[in-house]
Amino acid sequence: FKRYIQSIVDSKMVEVCSTTLPQKAIPQILGHPEYRGWLDERINRYEKFSNIAYDILKQVPGVKVNRTNGAFYMSVAFKEGVLNDRQTLPIEIPEVRKLVEDLVNQPGVSRDKRFVYYLLAATGICVVPLSSFFTPEQGFRITLLERDEATFTRIFEQIAANITRYLDSADVT
């Protein structure tokens with residue numbers, strides 16, 4: 001196998017389709033006797049964690065959320081008209097607060113990106129604005145990859161509390 005890989009490297013072969021290595025490895029992975037158990041555990045964990053996140057976030061006024069139905073990420077959209085350019089979260093470190101304020105006050109910064117910056121600076125929780133995915137929806141996307149259930153639950157409880165705090169921080173016009 002090493003000689004085969006080295007021959008590819010030596011020939012400076014350029015592949016324009018699926019590479020050979022994954023084509024050789026995937027059947028071995030899928031045929032491994034432990035694969036089905038690993039996959040079942042992963043599917044069950046994503047379903048369980050999707051339900052935890054959904055059950056927490058569905059109670060938050062101002063957002064729309066669905067179960068993930070097998071995906072390892074979740075999208076959360078803000079309802080129309082709940083975001084404005086005056087909403088904030090408290091940021092303890094003055095230099096970080098100034099950086100976020102400078103970032104969110106740039107021309108053309110979407111309102112969901114504004115929320116994402118404040119959430120990260122205030123809590124350390126990193127999410128991605130939905131507007132980055134070229135959708136008219138304003139919101140954020142987050143993964144379900146945290147494996148510890150208590151930590152996962154705490155993160156989503158913090159997100160829920162901070163959405164409410166953010167939306168309540170300034171009157172919507």
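This passage looks at how some of the helices pack and where aromatic rings meet each other or a charge. The model is predicted.

Take helix α3 and helix α6 to begin with. Helix α3 spans residues 35-57, and its axis comes within 9 Å of that of α6, with a crossing of roughly 25 degrees. An angle under 35 degrees counts as roughly parallel, so α3 is put down as roughly parallel to α6. The crossing itself is right-handed. On the α3 side, the contact is made by K48, F49, I52, A53, I56 and L57, while α6 brings in E149, F152, T153, F156, E157, I159, A160 and I163. Sorted by class, that contact of α3 with α6 holds 10 nonpolar residues, along with one polar and three charged.

Helix α6 (residues 149-167) also packs against helix α5 (residues 111-123), this time at an angle of about 120 degrees and with the axes 11 Å apart. That angle makes α5 and α6 oblique to each other, and here too the crossing is right-handed. From α5 come R111, R114, F115, Y118, L119 and T123; from α6 come I159, N162, I163 and Y166. The split for this contact is six nonpolar, two polar and two charged residues. I159 and I163 of α6 turn up in the contact with α5 and again in the one with α3.

Helix α5 has a further partner in helix α4, which covers residues 94-104; their axes come within 10 Å and cross at roughly 175 degrees. Angles over 145 degrees count as roughly antiparallel, and α4 and α5 are therefore roughly antiparallel to each other. V96, V100, E101, L103 and V104 of α4 meet R114, Y117, Y118 and A121 of α5. There is no polar residue in this set, just seven nonpolar and two charged ones. R114 and Y118 of α5 take part in the contact with α4 as well as in the one with α6.

Now for the aromatic side chains. The count of aromatic pairs comes to 10. One aromatic cluster is formed by F78, F115, Y118, F140 and Y166. Among its members, F115 and Y118 of α5 and Y166 of α6 also belong to the contact of those two helices.

Two arginines sit over tyrosine rings. R141 lies over the face of Y73, at 3.5 Å from the ring centre. R45 is placed over the face of Y46, with 5.0 Å to the ring centre.

Note on methods:
Residues are numbered from 1 along each chain as its sequence is written. This is a predicted model: local features need pLDDT of at least 70, side-chain atom pairs count only at pLDDT 80 or more; totals for chains, interfaces and linings use all residues. Side-chain values use heavy atoms; hydrogens and water are left out. Axes are lines fitted to C-alpha atoms, for helices over the stretch in contact, and angles run from 0 to 180 degrees between N-to-C directions. Helices (H or I, at least four residues) and strands (E, at least two) are DSSP runs, numbered from the N terminus. Angles under 35 degrees count as roughly parallel, over 145 as roughly antiparallel, 65 to 115 as roughly perpendicular and the rest as oblique. A crossing is left-handed if the near helix is turned anticlockwise from the far one by less than a right angle, and right-handed if clockwise. Contact means heavy atoms within 4.5 Å. Ala, Val, Leu, Ile, Met, Phe, Trp, Tyr, Cys and Pro count as nonpolar, Asp, Glu, Lys and Arg as charged, and the others, Gly among them, as polar. Rings of Phe, Tyr and Trp (its six-membered ring) pair if their centres lie within 6.5 Å; planes under 30 degrees apart count as stacked, over 60 as edge-to-face and the rest as tilted. A charge sits over a ring if NZ of Lys or CZ of Arg is within 6 Å of the ring centre and within 35 degrees of the ring normal.
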